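Reader: I should like to learn how to read the overall form of a protein model, and then a sheet and a pocket within it. Please give the general idea where there is one, and then the case at hand.

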Amino acid sequence: MANSYKNTMNLPQTDFPMRGNLPQNEPKRLDFWNDIDIYRKVLEKNKDGKPFVLHDGPPYANGPIHIGHAFNKILKDFVVKSHAQRGYFTPYIPGWDCHGQPIEHMVETTLGTEKFRETPQPEIRRLCREWAEKYVGIQREGFKRLGVNGDWEHPYLTYVPNFEAGNVEIFKKMYLDGAIYRGRKPIHWCSHCHTALAEAEIEYGDEVSPAIFVRFEMTTIPAGLEAWEGKLDVAIWTTTPWTLPADDAVILHPDADYVAVEHDGRAYIMAEALVEKLMAKFGWDDAKVVEGWSATGTELCGNKYKQPIFADQGEEGVFIYADYVTMEDGTGVVHTAPGHGVDDYLAGMKFNVPVVMPVDDDGHFYVGEGMGFGGPFSGMEVNEANPVIIEWLRERGTLIMHEDINHSYPHCWRCHEPVIFRATSQWFVSMEDTKLRENALKAIENDVQWIPAWASNRIGSMVADRPDWCISRQRSWGVPIPVFTCGKCGETVATEATFDAVIDLFYREGADSWFTKRPAEYLPADTCCAHCGAGVEDLEPEKDILDVWWESGVSHQSVLKHRADEGLTWPADMYLEGSDQHRGWFQSSLLTSVGAYGMPPYKSVMHCGFTVDENGEKMSKSKGNGVDPAEVMDKFGADVLRLWVSSVDYAHDVSISDNILKQVSDAYRKFRNSLRFVLGNLADFDDSKAVASWDELEPVDKYMMAKTYALVQTMEKAYDEYKYNVVYRECYDFVNELSSVYLDITKDRLYSEAPDSPRRRAAQTVLMNVLEVLVRVFAPILSFTCDEVWEHYPEAMRNAEDRPASVQLAGWPERSDFFPALPEDNGAADRAVFEIAMEARDAVTKSLEDARTAKQVNKSQEACVTVTVPADKLETLASLGMPVFEELFIVSGVEFVAGDEFACEVKAAEGDKCPRCWNYRTLGGNANHADVCERCGDALDAIGFEA
């Protein structure tokens with residue numbers, strides 16, 4: 001008989017599979033989204049909504065996507081989809097950074113250096129474009145596989161004419177305003193890549209460098225040291241011996257006291273604060289300070305010494321001072337080559353110290369004698385020259401000491417080779433001439449929301465301390481500096497008319513035309529040099545190209561403004577990239593926007609950390625600890641990767657590994673199985689079968705409805721605050737309680753009641769509300785799975801004519817969507833009462849576990865419980881009725897007694913076990929079905945069952 005009763009139960013029925021098989025099924029859903037054009041459909045649905053524009057920071061089009069790309073793009077998708085789900089109009093135009101040295105380097109590697117140098121520039125640019133196009137396609141497919149929505153067929157690319165013209169529009173505005181100038185000053189120079197580098201293109205790593213102490217012989221004698229004429233030196237320290245051929249000054253601290261130290265018949269000028277430390281380091285046990293003499297750096301200014309390399313040719317250096325000299329290392333006297341360092345350059349400028357540059361583009365000394373050449377080190381590569389220079393100094397008796405030190409040193413971010421500082425003629429954006437620094441700092445402070453808030457200090461300090469921005473590069477693949485040089489006098493020719501002509505040219509033919517056309521073919525015929533009057537035929541186009549950070553930085557012009565007809569807004573609502581972009585794209589975008597328009601290009605900026613392995617270590621090929629997103633999706637599916645992104649605190653570095661993903665996969669299964677159980681119990685449900693009023697719900701139903709609406713409110717706040725780990729945690733906790741409490745205790749009602757029983761329909765009504773909320777609020781995270789659930793709704797509901805094709809078109813669950821209607825307090829009072837009942841449940845659950853362990857009972861239905869309830873709560877609980885607690889505790893009988901605190905006594909249930917529902921009840925209450933409990937008999941009557 002028991003087997004026949006099984007067929008009378010309302011067991012779950014759904015074609016939603018337990019196993020997601022995400023690697024196989026997600027691509028099919030992508031095809032479906034593509035077929036219905038989900039991106040356009042979402043925009044169409046929200047066309048009258050408030051715009052929210054996240055402007056995509058362009059990844060570099062070189063190589064397939066890595067896990068950092070996936071982390072970044074999924075976060076952006078969370079932002080866009082969570083706004084779209086709530087009715088915002090959210091155009092999202094993905095972009096790629098397609099110009100620059102890495103692509104040019106790959107083309108050079110493919111061709112070989114010799115053939116590359118022989119290849120005409122237009123051909124190099126064509127090959128670079130093909131390389132970029134290839135990887136734009138590869139990366140685009142990788143991003144789409146992640147489930148990221150966007151206008152993938154119309155991305156922005158930095159090499160297209162429209163974008164290239166935008167570069168010139170911003171350059172024109174800032175140049176004519178006086179913010180851009182050409183100057184000769186030291187910049188980071190990569191000898192390997194043959195180009196200048198901005199600070200944002202520098203990475204720091206440890207290097208072992210030779211540190212040397214050297215004596216420079218004085219040619220002037222400070223007052224008070226006349227007795228030491230011919231025997232007086234200044235002691236200096238440097239970690240770059242190769243810069244000594246360019247030495248033309250030493251820098252002291254203006255307020256520090258300097259003394260002369262006597263050793264081996266000579267006197268050495270050094271900082272008084274460092275004497276004891278240096279004597280110990282040098283092993284000068286017999287050294288002593290010359291009595292009666294000291295002077296400050298300011299007082300010593302103007303004294304002179306023999307240039308350390310070219311003294312035989314009469315070259316001298318001069319004493320100057322600057323505040324940045326420290327008393328931590330060295331001698332308190334800094335050897336200075338203004339052509340090889342920004343600080344030295346700025347200090348030298350104040351004292352009219354000339355800039356000497358003896359090093360060529362390849363990092364070799366020019367061949368020749370005297371200042372500006374390599375002298376005895378002519379033709380040598382600078383780092384190879386270091387040991388030769390040290391030995392040369394030793395032979396001449398001017399080397400005091402040599403030691404090797406390990407210190408942080410700048411490297412090129414592309415080739416990862418150490419860089420040098422080298423004074424060259426470059427184009428710069430001034431941070432001061434038009435108050436760009438001041439205005440940018442005001443914008444950071446007043447006009448932008450930084451997420452997290454402390455990020456404003458990070459970018460603020462970078463802008464406050466940065467030098468003028470070097471925007472010129474000596475490469476082929478990029479947008480040219482849009483100015484001209486007079487072939488007769490060498491003056492720069494750049495006017496509003498020439499800029500407009502170039503803008504028009506680039507819109508029509510792109511930047512390639514700069515390298516194939518003569519200026520006379522596109523400039524106004526009356527263009528001439530304002531200095532010498534030479535005509536347009538004598539003008540030469542600038543050979544340098546723009547820094548790629550400038551290019552991506554002007555995307556606010558080339559995308560947000562140029563594509564305003566697609567719904568994009570300027571400024572954008574948000575920029576989102578990695579934390580390193582505070583010195584990169586966030587900053588270049590800020591400076592070009594504030595420089596051109598006086599305001600930032602974004603209303604908010606959100607940053608994410610880097611992806612690291614489970615031990616917190618940076619990923620690298622050499623360590624073998626990298627995680628390939630394609631492999632993750634092939635093994636776990638994109639939704640598991642998306643769930644991982646939602647689970648972490650993105651503002652900091654985040655760990656990922658196979659073990660971590662397995663844990664996330666377990667959480668995913670929890671979500672999936674709970675949703676499957678809900679679907680299975682709604683197979684015979686539709687809106688017409690829902691209960692009509694709040695009062696028709698059981699107390700536990702009201703509790704779950706109140707919790708469900710509270711989840712909606714929590715989710716909205718979390719999405720508003722971009723706290724996706726809160727979204728994950730709250731949803732996980734909700735589903736956990738749904739599964740372990742509500743689904744567990746209503747299982748009897750759902751399975752055993754008559755199909756149309758008001759109590760069963762009440763539980764189904766709650767589950768339908770829960771389902772409608774979960775799939776809508778979690779769709780921005782589990783986009784594939786929530787859409788799959790949407791597709792497996794109860795048949796009557798999924799076949800409705802007005803039903804959206806995707807949950808992404810269903811919108812956000814509003815209060816008015818709940819059925820039955822929520823009471824005025826959103827169920828808060830009912831929830832508060834039932835939370836007391838949940839306290840009692842905790843006590844009962846523990847006692848039942850103890851009873852099972854003691855083998856007093858096997859299943860909870862075999863038990864009756866006597867629950868001790870605090871006296872002040874007894875009346876409240878008793879008012880709910882004992883059947884409520886029989887269901888809540890899943891027992892066959894409940895009795896309450898007053899006491900001091902919650903406690904529970906378990907005893908065996910009375911009555912007989914119903915063969916249909918397995919509860920212990922009095923059997924025979926229904927005359928037609930005497931072998932089952934009355935409730936089951938009534939259910940059997942309702943379905944017309946005959947034994």
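Author: Let us start with burial. In this predicted model, 57% of the 947 residues of the protein count as buried.

Reader: How many helices and strands does the protein have?

Author: There are 30 helices and 33 strands. The radius of gyration is 38 Å, well over the 30 Å given by the globule rule for 947 residues, so the protein is more spread out than a compact globule. Along the principal axes, its C-alpha atoms fill a box of roughly 125 × 75 × 50 Å.

Reader: How should one read a sheet, and in what order do the strands of the open four-stranded sheet stand?

Author: In general, strands of a sheet pair through backbone hydrogen bonds, either parallel or antiparallel. Here the order is β5-β4-β17-β19, with antiparallel pairing. β5 (195–197) and β19 are at the edges with a single partner strand each, so each has one side without a neighbour in the sheet. β17 and β19 are joined by two bridges, and valine 429 stands opposite tryptophan 469 in β19.

Reader: Which residues are closest to the centre of the second largest pocket?

Author: The second largest pocket has a volume of about 1600 Å³. Of its 50 lining residues, Gly341, Val342, Asp343, Asp344 and Phe421 are the closest to the centre.

Reader: Which element gives the most to that lining, and how do the lining residues divide by character?

Author: α11 (342–350) gives the most, with six residues. Among the other elements that supply at least two residues each are β4 (180–190), β17 (420–429) and β19 (469–470). The lining comprises 25 nonpolar, 15 polar and 10 charged residues.

Notes:
Residues numbered from 1 in each chain as written. Predicted model: local features only at pLDDT ≥ 70, side-chain atom pairs only at ≥ 80, totals over all residues. Heavy atoms only, no water. 1 Å grid on protein atoms, 1.4 Å probe; cavity = no way out; pocket = protein on both sides within 12 Å on 5 of 7 lines; lining within 4 Å. Points joined across faces, edges and corners; volume = space filled by probe spheres on them. Nonpolar A, V, L, I, M, F, W, Y, C, P; charged D, E, K, R; others polar. Pairing = 2+ DSSP bridges. Rg over C-alpha atoms; globule rule 2.2 N^0.38 Å. Buried < 20%, exposed > 50% of the residue type's maximum accessible area, 1.4 Å probe, protein only.
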